[in-house]
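Me: Please pick one part of this model and give me a close look at it. Start with the overall setting, then zoom in and stay there for a while.

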Amino acid sequence: MKKIYVLIMVVFLLPAITIAQSISGKVLDQTGLGLPGASVILEGTTTGATTDMDGNFKITPVKPGEYILVAKFLGFKTLTKAVTVNAGQDLNIGALTLSEDAELLDEVVVVGYGVQRQREVTGTISKINGSVVQELPVPSFNAALQGQAAGVQVTTGSGLAGSSSVVRVRGIASISAGGDPLYVVDGIPISQDGFLNGNEGGMNSNPLSFLNPNDIESIEILKDAASTGIYGSRGANGVILISTKRGKSEKLKVDFNANVGLATPTARPDMLNSDEFLQLYQEAWENDGNVGPAKLPGNISWEDARQTNTDWVDEAIGLGVKHNYSLSASRAIKNLNYYINGSYEDNSSYLIGNSFERASARANVDYKVNDDLKFGVNTNFTRAVNDRVDAAWSGGLGAAMSTALPIYPIFDSAGEYTQLTNPVRDRELKDWVTTEYRSLNGISADYRINDKLNVRATGNYEYVDIRDDKFEDGQLNTADNSPGFADRNSTWINNYNYNAVIQYNDVINEDHKVGGMVGYEYQYFNRKWRYDQYLQSVDRRDQDYSTDSTEYRRGVTGLEEYSFRSVFARANYVYKGKYIAQGTFRMDGSSKFGPNKRYGYFPSASIGWLITEEDFMKNFEVLSFLKAKLSYGITGNANIPNNVWRQTWQTTEVSNPDDGYNGVDITYPTNLDNPDLQWETSNTFDAGLEFGILEDRIHGEFTFYRKYSTNVLMNLQVPRVYGFGSYWDNVGEILNRGVEFSIKTRNLVGEFKWTTDFNIANNYNEITSIGDYSEDAVSGGTNDTRIVVGSPVGTNFLVRYVGVDPADGRPIYLDVDGNQTKDWDPANRVAVGDVLPDVVGGLTNTFQYKAWDLSVLVYYSFGGKIYDSSSKRQLGVVTDWNMRPEIFDRWQQPGDLARYPRLTLNTDTYGSATPWINTDLWLHDASYVRLRRVALGYTFQESQLMGSFFTRARIAVSGTNLLTWTRFPGLDPEIARDFENNADRNMSVGITYLTPPQERTFNIHLNLSF
């Protein structure tokens, strides 16, 4: 062991005492002034320095040899200089003079089917570097986008391992159709259905969890019609483009990343203990006019109840442990460019028995045959295993907050699990595993016909294989003396995508830059599924089941398929480098829509003006960049279930001769056909201003937009008297209008650096029409959010609660006219709030001093409401649910001023036939500010690594969700619960029903480069 310590000391200290060479100099602008904060590095290495306040720099240590020195400063052209360093030499190269860059903001950004220079982009695009998402311990990369881009609202998933997040770009413009943005990975529109397994177990599936964040090079979020229009029928809710890494360096580069961490809940539920529950239950019993001891739930005796005090929350919550490892190799040589990565992660949540494991491999290879022909291959394979537990309404921690009473024991006197509500028994006697195999593959060919014309063809294939296996012991099914059973839900997806693009670019007489692109695309998607059930004797998750087995009980199969066929075009024009125009057009045809309206047409047009390129701006030296831009276009939404335009029927099998029609199976219509069903369309106007101040030490963007959506798709619930249950139609209209502001400032440069990124966005949302239908035509699940004209999508449509009558302790409501009443009636529901925030944004401060760096991200959301749906059972009529301590603020005797009515076991006392009354008593302010992430890191200097295997090493510690400031009395103000369908997902964000709170994590990160 002592030898190992000595070796470590030698590796780190020997370079420090060795005589080393150095390179020094000064970076100047064209006027001779020093440029503070300029970057000077040795090309092909990580060795470099940053200039001080006078522009001076010194790079040390440097090995003897020949180098290319690269000097960079934002707003100036990059300068290179060849230097030779001899042994023992301290080389001073004098001044490096940088010239102003006429091609300011010349960064390349990814757009639909191509790339563009940032300065020539007329759309509104937010670019996020892949490094932002790599150190955050999140189930999928999209959760890491929170607070990073203006106008992008990210509600991260619950505490369940592998849970999905909800992303909204500039509000919500859909009701029954999907409201999520389109995700495109390396040009492939991926399958992103989060309802493959419904919301079983209190969680939706996460279709984005397959992608390893370490593979991501950059993320572009397209927000306006100028940028999303090229995606036509699928661009109305925004488009998120994910580009994975390629080789960059001529030298082989090997990176190893490791993250380990611990997870706890951001808040723990506080429930009544046994004595408190018995006290309040007896009080409710006596309030109802009864005498003597109350009859307790589960037929528990008072003696046993007093001797039991089970803390079910403690039985559900533990300490989550997280591991994440990634190893990659990349290189870019003359004709070959490659990036290869393998990763493994095992993330257990704080919920006992719950974990998400993922192993993935990726290879991106580009081969240049000659100057005119290039081929590319992308392939990714992922195996994900989610060890599931029941949560929310399904059990687990949800049961610990509801029907698992403190008077219920875990075991009976014989040491067996009790047959009362028992989350421990349910967890231990159920083995529930979801296994997903996903492969994403693409091949491309680029051929340069001449200097102006290029052809690109791609073929892509996505394969998904999901097996949801559930094994339940017979003890969980005592009612029918079942021996137990094994369920398997299998899903197979094949997603094919082909496109071909011809691109043209030319410069005419130096003043006219023209470009164009024409393309064709075809996508075919099919999904097969099968449900099988077996007897308990088949109890191994890795066993291959056969329907010929004697244990086989029943099976159901299904198939769906759809296709898209599209042509698209884009034209660009730049005059004298300062006047920019762009137009796009796309025609889409889809089998998802009725034969009368199968094709849609989606044009867009945009212009830009580089104001700082005008002669009259030359004297405004403080203003280094100013660009104005306008766009207008039409985009669509096709994210609806397949075949909803068709007439559908359902058959109910009748096993009893006395049922049905003389024992004959019943077949009945479930959906009326609509051959005129067509695309949702959004008409979007966008006006923006980009600016740079003080040589772009301050850079920002201000944008105004107005998006008006028509032909909004709605799955309308129709009374059964008409002979069917639902009907899809284009009847809605929705307005989204808002402003976005983002700014990045380099507050301090030099040895101590301080950078601030701030963004804020406001969105106004309003349903302007629902045709002739009522508010109840579409509902947000069971949560009483409705579609109300003049109000936002996801309006809380509730009876108003006034308070408690001090005389008799009964609740007082308001009728629809505002008059007080003690009778709860759904006819008195009105719009009392909505689930959409008014303002969202993020603030990131990054500090760097020598080798140390500190990053702090704060996310905030103001406005909107949270409907705590579970509290109507925890704080309402006393039932078989446990309650929260807030219930002690209840009415007990005449004259009491209390928040909650007198306790009762009788629902009639509250003027309703049910114990779960929806009123705005359970509605709360959803505003919050959250310390989303703090990270402190140290990057080892080159001198510390010389003589070792590493070219770069960094270690960091971080914490997520460390503090939250909110007035919400529940567990977590940020809620992405399980949803029943797209309408529920659109309308019920901000509705919690026993939802597990998010994780608070503490992590250690190690990054090594070879």
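Reply: A quick word on terms before we dive in: a residue is buried under 20% relative accessible area, exposed over 50% and partly exposed in between, using a 1.4 Å probe and protein chains only. By that yardstick, 55% of the 1010 residues of the chain are buried. Keep in mind that this is a predicted model, where local features need pLDDT of at least 70 and side-chain atom pairs pLDDT 80 or more, while totals for chains, interfaces and linings use all residues. Numbering runs from 1 along each chain as its sequence is written, and side-chain values rest on heavy atoms, with hydrogens and water left out.

Now the setting. Helices are DSSP runs of H or I with at least four residues, strands are runs of E with at least two, and both are numbered from the N terminus. On that basis the chain has 11 helices and 49 strands. Its radius of gyration is 31 Å, close to the 30 Å of the globule rule for 1010 residues, so the chain is as compact as a globular protein of that length. (The radius is taken over C-alpha atoms, and the rule is 2.2 Å times the number of residues to the power 0.38.) Along the principal axes, the C-alpha atoms fill a box of roughly 100 × 75 × 70 Å. Count a contact as heavy atoms within 4.5 Å, and 70% of the chain's contacts with a separation of 6 or more join residues 24 or more positions apart.

The part I'd zoom in on is β32 and its partners. Two strands pair if DSSP finds at least two bridges between them. On one hand, β32 (residues 680–693) runs antiparallel to β29 (residues 623–637) over 14 bridges. Within that pairing, Leu 626 has Phe 691 of β32 as its bridge partner. On the other hand, β32 also pairs with β33 (residues 698–717), again in the antiparallel sense, over 13 bridges. There, Gly 688 sits across from Thr 703 of β33.

The link between β32 and β33 deserves a pause. The two strands make a hairpin with 4 residues between them, and Leu 694 in the turn shows a positive phi of about 55°. Glu 695 belongs to the loop between β32 and β33 as well. Its phi is near 55°, positive although the residue isn't a glycine. Glu 695 is partly exposed, at a relative accessible area of 32%.

Follow β33 along and you meet Asn 711, which lies in the strand itself. Phi of Asn 711 is near 55°, another positive value in a residue other than glycine. Asn 711 counts as partly exposed too, with 25% relative accessibility.

For comparison, here are some other strand pairs. β8 (residues 108–111) and β9 (residues 114–117) pair antiparallel over 4 bridges, with Val 110 bridged to Val 115 in β9. That hairpin has 2 residues between its strands, and Tyr 113 takes a positive phi near 60°. Further along, β38, β39 and β40 form an open sheet of 3 strands in that order, with antiparallel pairing. Its edges are β38 (800–804) and β40 (820–821), each of which pairs on one side only. β38 and β39 (residues 811–814) share 4 bridges, among them the one that matches Gly 803 with Ile 812. For a backbone oddity inside a strand, look at the peptide bond from Thr 60 to Pro 61, which is cis with omega near -5°; Pro 61 is found in β4 (residues 56–62).

Two glycines show the long-range side of the fold. Gly 198 sits in the loop between β14 (188–189) and β15 (216–222) and is partly exposed at 23%. Its C-alpha is 7.6 Å from that of Asn 981, 783 residues away along the chain. Gly 398, found in helix α7 (residues 397–400), is buried at 0% relative accessible area. From Gly 398 to Tyr 993 it's 595 residues in sequence and 8.4 Å in space, C-alpha to C-alpha. Leaving aside neighbours within four places in sequence, Gly 398 touches Ala 392 and Leu 994.
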